[in-house]
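Reader: I have a chain in front of me and would like to go through it piece by piece. Please show it, and then I will ask.

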Amino acid sequence: MPEEGFDMRWKDLLWCVQAPPSTAAWLDWPTGLVHINATKAEWDAAAAASTGSNAPGAHPEWELLAQSLSHENVHFMQCVTTGYMYRWALEHFRLLADGLSELGYPFAEVGDAKKALLAATEFVSRGTAEALRGHTDKLNIRGPYGLTVRHLVEAHALVLEQLIHTEPVDAQILLQRLDAVSPNADYRLAYDLCRFWLGSGRAFDLFPALVTVSLCTDSPPQAFVRLLAAADAHGLSDDAGENIDIIHRMADEVTNDLLIGSAVEVWSERDGEHPVYGPAVRRLNELAGTGDFSIRAFMADPVSSIEALVDEVVRPTLFRPSEDGVFAIQLPTKIFERGKKAEEEMQVLLLVSALGNRIHQIAHEETEGEKWSVPELFWLCEAVPNIRLLEIGNEWLQDAEKETLTALLDVHRIPPEKRQQTVGIWGCCVLDFPTARMGTSPRDANVRRFVRVLHSRLPSFPMYLEFTDSMGMFFLWFGALADSDAWVGAAQLDISHPSVVLRVGEAVACMREVGRMLEYDVTPQVDRILSPYPPELSREVLAALDESPIE
């Protein structure tokens, strides 16, 4: 895209949508633009070189770019096939439009866009920023087992990325690939939950379809867990197409109260149209009319469907600028006409992308969980039920015998009229040891001593901890309590080691006892603490407690 007729350079605007060199490709969710962290010439050269040899690892640069693009294509397909993601993306774009209007968009001159971009911090209202932050945070709201929409869409994209680029592939090979490439636990939590629940083989067969159906509901995490339970109880066949029919029937039975439909169904309500995802959904609707596309076929064989649809609906792709400042854009020809009109539309979309991302950055500045010192925790829990971080400073770390934390959180020592208040912070706390020599690590001697003393005085404390994988609280708490031979190497904890299982059982028993005292159902807290375990081991732990409860 040349810069003739403009009094500024595009890179003066697009700096805020660029990513670090380690990121090969990414989807700009608000606009639907896919970014490639390579120039068009570099992309073409890598693609041409890759045709000479298909041996794995022969062209690592191309393989990284191709896999990253496949991952982002899946995200694009999520937005144009599922009702939840299309509706979310459309609302995201609307909220950004509100912010753009506050900046004076549309602009009389493109040069004004640069001024607005640099002044965005001053002119975007707090209300718009908070609305956008609240909307984007919908992807991070925890449902059953700590599952979020983001967990589902990232695991779905990572699994399909590996299915596209790994050959041959089966359940075991896929698991090995996820072990090798998963950036962090968030990218595979949903798949691991499915695997632990249904077994590796059935998870390999059903996971993409289960996620797609879940994303056609108003509460994808809740729908996903319901579908897992139904699939676990239902006998499925070896035929993929037949299984899809069964999953559809299960969805009608167990998620009927949550269903909102596919992206086509949400789009057909004509409640506005996204400038990129909307035309893509319309094209899919046309293909469905000719029998060339169906959600059922997409669910049964998503890999083949995505490869077949790339040129039909996916995706406006922006490459890194060349040395002379030209941003090359590749358009899907079936949904964007070529010519001056298309270029003007893409210029507008780039402005929206740049300004929208700047608004997004402003909205998320300083939004990390607030930090409260230990003495404040109890008194703030009524007003701030979502406290995130519990810092254990040097004074507390060096003197693990301090009584204050136990006095604040031990329901046996809290006046009866205030005990119920503690429920507000169950499952919300993350321990942090900023002054520990090894950081927040169960291998640090001071951290280990602190956890062990607190455990001896308040064995029910894990009920307060936030046990999603990304927070690392299971690893921290039970790793600090585990025997030394429960560690495999320097950083891997064997969660099936007897010393770990024993402490988990103790924590569950104490949590149940607190629940009985407060007449409160602690099942969600127990489920979270047991979530790292396969269902059969969780059942064994609970059965052992029922036989010989710890009082």
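Reader: Is Arg-188 buried or exposed?
Author: This is a predicted model, and the accessibility is computed from its atoms. The cut-off for buried is under 20% relative accessible area. Arg-188 has a relative accessible area of 12%, so Arg-188 is buried.

Reader: Which residue forms a salt bridge with Arg-188?
Author: The closest N and O atoms of the pair are 2.6 Å apart. The partner has a relative accessible area of 53% and is therefore exposed. That partner is Asp-179.

Reader: Which residues are joined with Asp-179 and Arg-188 into one network?
Author: The network arises from salt bridges that share partners. Besides Asp-179 and Arg-188, its members are Asp-192 and Arg-195.

Reader: How many salt bridges does a search of the whole structure find?
Author: The bridge between Arg-188 and Asp-179 is one pair. Another is formed by Arg-94 and Glu-91, with the closest N and O atoms 3.7 Å apart. The search of the whole structure finds 13 salt bridges.

Reader: By about how much of the helix are Arg-94 and Glu-91 separated?
Author: Both residues are partly exposed, Arg-94 at 30% relative accessibility and Glu-91 with a relative accessible area of 29%. They lie 3 residues apart in helix α4, so the separation is about one helical turn.

Reader: How many residues apart along the chain are Asp-218 and Arg-87?
Author: Asp-218 forms a salt bridge with Arg-87, and their closest N and O atoms are 2.5 Å apart. Asp-218 is in the loop between α11 and α12, while Arg-87 is in helix α4 (residues 83–102). The pair links distant parts of the chain, with a separation of 131 residues.

Reader: Is Asp-218 buried, exposed or partly exposed?
Author: Buried requires under 20% relative accessible area, and exposed requires over 50%. Asp-218 has 42% relative accessibility and its partner Arg-87 has 35%. Asp-218 therefore counts as partly exposed.

Reader: Which element gives the largest share of the largest nonpolar core?
Author: The core has 87 residues, and Met-85, Phe-207, Leu-210 and Phe-224 touch the most other members. The largest share is 10 residues, and it comes from α8.

Reader: Which residues are in contact with Phe-207, leaving aside its neighbours within four places in sequence?
Author: The list includes Ala-155, His-156 and Val-159. It also includes Ala-190, Tyr-191, Cys-194 and Arg-202. One further residue in contact with Phe-207 is Phe-224.

Reader: How many residues are in the second, separate core?
Author: Its members include Leu-458, Met-463, Met-473 and Leu-537. The size of this second core is 45 residues.

Reader: What distance separates the C-alpha atoms of Leu-206 and Ala-300?
Author: Leu-206 is found in helix α11 (residues 200–214) and counts as buried at 4% relative accessibility. Ala-300 is 94 residues apart from Leu-206 along the chain. Their C-alpha atoms are separated by 8.7 Å.

Reader: Which strands stand at the edges of the open sheet of 4 strands?
Author: The order in this sheet is β1-β2-β3-β4, with mixed pairing. Each edge strand has a single partner strand, so one side of each is left without a neighbour in the sheet. The edge strands are β1 (25–28) and β4 (329–330).

Reader: Which helix packs on the sheet?
Author: The helix touches β1 and β2 (33–36), and its direction makes about 20° with that of β1. The helix is α3 (residues 60–81).

Reader: Which residue in β4 stands opposite Leu-318?
Author: Strand β3 (residues 317–319) pairs with β4 in the antiparallel sense over 2 bridges. Opposite Leu-318 stands Ile-329.

Reader: Which helix has the lowest mean pLDDT among the elements of the protein chain?
Author: The protein chain averages a pLDDT of 77, and 74% of the residues score at least 70. Over residues 365–387 the pLDDT is below 50, although the model has 41 contacts for this stretch beyond near neighbours in sequence. Where pLDDT is low, the predicted coordinates should not be read in detail. The lowest mean pLDDT, 36, belongs to helix α19 (residues 374–380).

Methods. Residues are numbered from 1 along each chain as its sequence is written. This is a predicted model: local features need pLDDT of at least 70, side-chain atom pairs count only at pLDDT 80 or more; totals for chains, interfaces and linings use all residues. Side-chain values use heavy atoms; hydrogens and water are left out. Two strands pair if DSSP finds at least two bridges between them. Contact means heavy atoms within 4.5 Å. Axes are lines fitted to C-alpha atoms, for helices over the stretch in contact, and angles run from 0 to 180 degrees between N-to-C directions. Buried means under 20% relative accessible area, exposed over 50%, partly exposed in between (1.4 Å probe, protein chains only). pLDDT is the predictor's confidence in each residue, from 0 to 100. A salt bridge is a side-chain nitrogen of Lys or Arg within 4 Å of a carboxyl oxygen of Asp or Glu. A nonpolar core is a set of buried Ala, Val, Leu, Ile, Met, Phe, Trp, Tyr and Cys residues joined through side-chain atoms within 4.5 Å.
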